[in-house]
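This briefing introduces a structure to a reader who has not met it before. Please keep the sequence and the model in view while reading the points below.

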Amino acid sequence: MAAPYPTCYLNGELLPLAQARISPLDRGFLFADGVYEVVPVHRGRSFRLREHLKRLDESLAGIRLPNPHTTVEWAAILEQVARAAGGQEMLLYLQVTRGAEHGRNHLFPKVATPTVFAFASEYPLPAIATLERGLRAVTLEDIRWSRCDIKSIALLGNILLRDEAAARGADEALLVRDGLLTEGSSSTVFLCIGGTLVTPPNDHRILPGTTRDAVLDIARDWLPIEVCDVEARVLKNADEVWVASAGRGVLPVTNIDGAPVGEGQPGPLWTEMYHRLQRHLDDIAATPAL
């Protein structure tokens, strides 16, 4: 994410980000006992907010932490953060931890108030060079835990994988577990094979992506879609490979493990998807808010 805006939300109030404080005994700090969401704002409108908040609810249920807010309350909190930031293209980050107790205990505390934190940052628009040349990726063994469907703040595995990719001169790591492609270190993966859009299915190995669902929805009226297990070795036969995420939209991968994908440049299907996604965002912005 880009540099944050100066105002954040913490436990019921807006305040300067530089003044925000949490207890060093917060379980998020000690145990990474919490979950998060990132909601994009495009053209001044939140994108798929309902779906993001549904995934937040599912992540909280996955760690057995009651949701501290209703959907309406979350929407109001994020609206406050967005209004304070004032941007048209932003990322809204929200995080919930189990809160603090007096001491460090692996067991869930009997009494603790969740810590709720949110802030906004500018949306990192892709560089022109990225759109023209695409991303470089490497395949790496998926070393993360077995509940990747929970959007946990425990992201050390993802960070190590992304850093390893960067050390190899790549922009993203494409992860492989038991010979199957799962996802990127911070993205969903799509393959275009013979005109069909292929992506791995949602399960415990993969975070169910809201941008992934948007891409699939947009593709349904013009491309065949196959959601199925994907053997990593199929990557070398793909005509195109894309990655998608809330913070990057949908971008082409043109080189994997030092070998070109297809012609080694962004393909025609990605170009069409990119423009369709932009038109979709324009349509949302033109629709009156409820």
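In this predicted model, strand β6 is largely enclosed by the rest of the structure, because 7 of its 8 residues are buried. Strand β6 covers residues 115-122 and is one of the elements that supply at least two residues each to the largest nonpolar core. The points below begin with the pairing of β6 and that core, then turn to a second group of strands, a surface patch and two loop residues.

**Strand β6 and its partners**

- Strands β5 and β6 run antiparallel and are joined by 8 bridges.
- Within this pair, V96 has V116 of β6 as its bridge partner.
- Strand β1 also runs antiparallel to β6, and 4 bridges join these two strands.
- Here the bridge partner of Y9 is A118 in β6.

**The largest nonpolar core**

- The largest nonpolar core consists of 24 residues, and L56, W74, M90, L92, L94 and A120 have the most contacts inside it.
- At least two residues of this core come from each of the strands β1 (4-10), β3 (34-42), β5 (90-97) and β6 (115-122), and likewise from each of the helices α2 (49-62) and α3 (71-85).
- Helix α3 makes the greatest contribution to the core, with 6 residues.

**Strand β11 and its surroundings**

- Strand β11 spans residues 196-199 and is covered on both faces.
- On one side of β11 the buried residues are T196 and V198, and on the other side they are L197 and T199.
- Strand β10, made of residues 188-193, pairs with β11 in the antiparallel sense over 3 bridges.
- I193 has T196 of β11 as its bridge partner.
- The two strands β10 and β11 form a hairpin with 2 residues between them, and G194 in the turn has a positive phi of about 55°.
- Strand β12, residues 225-227, runs parallel to β11, and the two are joined by 3 bridges.
- For T199, the bridge partner in β12 is V227.
- Together with helix α6 (residues 210-219), β11 and β12 make a right-handed β-α-β unit.

**A nonpolar surface patch**

- I143, L156, I159 and L160 make a nonpolar patch of about 410 Å² on the surface.
- L160, one of these residues, belongs to helix α5, which covers residues 156-167.
- L160 has a relative accessible area of 47% and is therefore partly exposed, since this class lies between 20% and 50%.

**Two loop residues with positive phi**

- A32 is not a glycine, yet it has a positive phi of about 55°.
- A32 is placed in the loop between α1 (27-31) and β3.
- The relative accessibility of A32 is 24%, so A32 counts as partly exposed.
- D178 is not a glycine either, and it has a positive phi of about 55°.
- The loop that holds D178 lies between β8 (172-177) and β9 (180-184).
- D178 is exposed because its relative accessible area is 72%, where exposed means over 50%.

Notes
Residues numbered from 1 in each chain as written. Predicted model: local features only at pLDDT ≥ 70, side-chain atom pairs only at ≥ 80, totals over all residues. Heavy atoms only, no water. Buried < 20%, exposed > 50% of the residue type's maximum accessible area, 1.4 Å probe, protein only. Pairing = 2+ DSSP bridges. Right-handed = clockwise from strand over helix to strand, strands pointing away. Patch = residues over 30% accessible without salt bridge, like charges linked within 9 Å, V, L, I, M, F, W, Y side chains within 5 Å. Areas by Shrake-Rupley, 256 points an atom, 1.4 Å probe, with all protein chains shown as cover. Salt bridge = Lys/Arg side-chain N within 4 Å of Asp/Glu carboxyl O. Core = buried A, V, L, I, M, F, W, Y, C linked by side-chain atoms within 4.5 Å.
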